[in-house]
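Welcome! Here are some short exercises, each with a worked solution. Take a look at the structure, try each task, and then read on.

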Amino acid sequence: MYGVCGCCGALRPRYKRLVDNIFPEDPEDGLVKTNMEKLTFYALSAPEKLDRIGAYLSERLIRDVGRHRYGYVCIAMEALDQLLMACHCQSINLFVESFLKMVAKLLESEKPNLQILGTNSFVKFANIEEDTPSYHRSYDFFVSRFSEMCHSSHDDLEIKTKIRMSGIKGLQGVVRKTVNDELQANIWDPQHMDKIVPSLLFNLQHVEEAESHLDNHSLWEPKVFAIRCFKIIMYSIQPQHSHLVIQQLLSHLDANSRSAATVRAGIVEVLSEAAVIAATGSVGPTVLEMFNTLLRQLRLSIDYALTGSYDGAMSLGTKIIKEHEERMFQEAVIKTIGSFASTLPTYQRSEVILFIMSKVPLPSLHHPMETGRTGENRNRLTQIMLLKSLLQVSTGFQCNNMMSALPSNFLDRLLSTALMEDAEIRLFVLEILISFIDRHGNRHKFSTISTLSDISVLKLKVDKCSRQDTVFMKKHSQQLYRHIYLSCKEDTNIQKHYEALYGLLALISIELANEEVVVDLIRLVLAVQDVAQVNEENLPTYNRCALYALGAAYLNLISQLTTVPAFCQHIHEVIETRKKEAPYMLPEDVFVERPRLSQNLDGVVIDFLFRQSKISEVLGGSGYNSDRLCLPYIPQLTDEDRLSKRKSIGETISLQVEVESRNSPEKEERVPPEEITYETLKKAIVDSVAVEEQERERRRQVVEKFQKAPFEEIAAHCGARASLLQSKLNQIFEITIRPPPSPSGTITAAYGQPQNHSIPVYEMKFPDLCVY
């Protein structure tokens, strides 16, 4: 018999003999490495035999499992692992089927060691990138079996822990393998997730009853638990596929848009953590989709808070919504927007900023705003929440080119909200501008308004203004100045507004200023001082003192930045005078918890004020444009500035270089004509030369103004002067007799079109620039 067996053994196929030779007589000796190398070489040389090798190894393993020869079982699995790692050919699919069949056999065993052995082999297989797709492979059994192992209840605690860990590793391998294979069933389908997620939660929460999904057991609400779960999932899959998890979470958030606010907040917190992990890989087109979903949820939450229900109407069966929980959900959404945006590259962050700004509703006189049950305005709440989101995204935003950071379409929409009646909205706009302009981390150094005698203690980071910044300021400086000026005149401003205005002025001076910008900023602040002094807006005492203090703090800063000794001396002298006689005009007495104010600001003496003539003189001697410094700052006003609350343009703008009376001509008292005497004639003859010189100088200044002043300022001045002149002419002509028609009966109108009716000369309107 033995001779016959030996004779027949020589006739067996070579692959079987090679497989048999890897098994030693004593299983404790382990795999015969030299023979394993021969088997591997044979499999690589004849890949068509690989499926037969796998089938034969499977046959031996099943036989050894049945005979409890576990040593040989381990050797067979080790051989399979090595063959899998070595062979990547088209025939590997059939070999994999045999491999998975053997792994399934081990997982079905009641022996913990065999279950762990099968799991380890499957994890190794999951890490292999296959060259060819698989069409008939299924992992349903492995999802079910690994999930069962996650719920192991073995009597031995150590063994139970090992089995559960193996189950988790197995699920991790299944997810990794199926996500990479487009031909496999979607692992995110409910039939799979209903097994995978509870298994992970079961091991995280350490409770024996957890047998279903996150929603059924309200496990979104603790947040920490759900975050742990999805962190495992995110770190278990390939980075390029992490956006799939994000999409599923976004879909789940939309599906639960009418769930309790605490549940939605939990989903958003998980989404925040998952998005940060995904951002380190590739998120692709998911970026704007994610922000769009979050902003939509923000709007829905605002509606829920205002109406008190999910369907917009209260009924007997309507679930009562807790407004404070909706507020917490809104804050969670805003935090998620900010945390995810902080991980994006600059170009994507810019797109997100423009996207959010496009969603901010702007006020319109033709579309009245809706109100909710609390009397709050739905559009107002939406504006606040979106501006909060924008502030989160802009915080820490670094962009060397301000033209790219603040493009015209974005800046126009942002500044249009800066003049709204709502003080909270105005504050958000100021803070957003500060976030964009602050590129060197100087913002926190101006959080407190003060008049430091030496600003070197602030350790400011100052760079020379770049060419791109200069272009930006030439294009947008007047727009920024106008909104700063008008923001200062708001009577609802509080300390935070003045702190933001001071920070904005300081950061513009550090980040974007050249000599021309410095001159304009000084003119702007001196104009703000005039607002407090004249008080045409009837501002409260606190606001007037705050404007005086704001001007003192800024001029103290800019004088030390310019390092012009005479300029610094003048500012220092005024501040010292105020400290002694008018401390209520300095920030140290105004911007405190209990401001110390003056009850009478109408009698402010000139020694308490910063004088434009003096500043122009000292800076002009150091090379600054003294002619421009002499000109009082007048903003370029538009319809959006709510001019009904302010004086008309004709009353506030003048083309003359000298400072005219602030009273409008209509309010001036009539002065009787001066009597002509010998003395008056003598004085006129003596002063005629001086008058001619003054007139010549005035004309020179006017010409120079039109040559050097910004176009926007010239246009505003000319338009106002023309309107004022036209008004006066109309008043005169109303009492005159209309002259007879022109003899020709025809005049030439604009663009050369003839008209057949006569127009009196006094009704002809001349070009604006012709009016001095």
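**Exercise 1: A buried acid and its partner**

Asp469 has a relative accessibility of 3%, so Asp469 counts as buried. Keep in mind throughout that this is a predicted model.

Task: Find which residue forms a salt bridge with Asp469, and say where the two partners sit.

Solution:
- Step 1. The partner is Arg439, and the closest N and O atoms of the pair are 2.8 Å apart.
- Step 2. Asp469 belongs to helix α21, while Arg439 is in the loop between α20 (423–437) and α21 (467–488). With their positions 30 residues apart, the pair links distant parts of the chain.
- Step 3. Arg439 has 12% relative accessibility, and buried means under 20%. Arg439 therefore counts as buried.

**Exercise 2: A second bridge**

Task: Work out which helices are linked by the salt bridge of Arg60 and Asp20, and decide whether each partner is buried or exposed.

Solution:
- Step 1. The side chains of Arg60 and Asp20 meet in a salt bridge, at 2.8 Å from N to O. Arg60 lies in helix α4 (residues 50–66) and Asp20 in helix α2, so to speak 40 residues apart, and the pair links distant parts of the chain.- Step 2. Arg60 has a relative accessible area of 10%, which makes Arg60 buried.
- Step 3. Asp20, at 18% relative accessibility, counts as buried.

**Exercise 3: Following Asp589**

Task: Describe where Asp589 lies, what Asp589 touches, and which residue meets Asp589 in a salt bridge.

Solution:
- Step 1. Asp589 is found in helix α26, which covers residues 587–590.
- Step 2. Setting aside residues up to four places away in sequence, Asp589 touches Pro583, Tyr584, Pro595 and Arg596.
- Step 3. Arg596 is also the salt-bridge partner of Asp589, at 3.2 Å from N to O.
- Step 4. Asp589 counts as buried at 15% relative accessibility, whereas Arg596 is partly exposed with a relative accessible area of 47%.

**Exercise 4: Two helix residues**

Task: For Ser389 and Ala86, find the helix, the accessibility and the contacts beyond four places in sequence.

Solution:
- Step 1. Ser389 is placed in helix α17 (residues 378–394). Its relative accessibility is 0%, so Ser389 counts as buried.
- Step 2. Ser389 is in contact with Leu298, Ile334 and Ile337, leaving aside neighbours within four places in sequence.
- Step 3. Ala86 is in helix α5 (residues 70–86). Its relative accessible area of 32% makes Ala86 partly exposed.
- Step 4. Ala86 touches Thr40 and Leu44, not counting residues up to four places away in sequence. Ala86 and Leu44 are 42 residues apart in sequence, with 8.0 Å from C-alpha to C-alpha.

**Exercise 5: Charges on the surface**

Task: Name the residues of the negative surface patch that includes Asp26, and place Asp26 in the chain.

Solution:
- Step 1. The patch is formed by Glu25, Asp26, Glu28 and Asp29.
- Step 2. Asp26 sits in the loop between α2 (14–21) and α3 (33–45).
- Step 3. With a relative accessible area of 33%, Asp26 is partly exposed.

**Exercise 6: Stepping back**

Task: How many helices and strands does the protein chain have, and how many salt bridges are found in the whole structure?

Solution:
- Step 1. The protein chain has 31 helices and 2 strands.
- Step 2. A search of the whole structure gives 20 salt bridges. Arg380, Asp422 and Glu424 are linked in a network of salt bridges.
- Step 3. Of the 772 residues in the protein chain, 48% are buried.

Terms used. Residues are numbered from 1 along each chain as its sequence is written. This is a predicted model: local features need pLDDT of at least 70, side-chain atom pairs count only at pLDDT 80 or more; totals for chains, interfaces and linings use all residues. Side-chain values use heavy atoms; hydrogens and water are left out. Patches are made of residues with over 30% relative accessible area and no salt bridge: like charges are joined within 9 Å, nonpolar side chains (Val, Leu, Ile, Met, Phe, Trp, Tyr) within 5 Å. Accessible areas come from the Shrake-Rupley method with a 1.4 Å probe; for residues, only the protein chains shown count as cover. A salt bridge is a side-chain nitrogen of Lys or Arg within 4 Å of a carboxyl oxygen of Asp or Glu. Lys and Arg count as positive and Asp and Glu as negative; His and the chain ends are not counted. The place of a charge is taken as NZ of Lys, CZ of Arg, CG of Asp or CD of Glu. Helices (H or I, at least four residues) and strands (E, at least two) are DSSP runs, numbered from the N terminus. Buried means under 20% relative accessible area, exposed over 50%, partly exposed in between (1.4 Å probe, protein chains only). Contact means heavy atoms within 4.5 Å.
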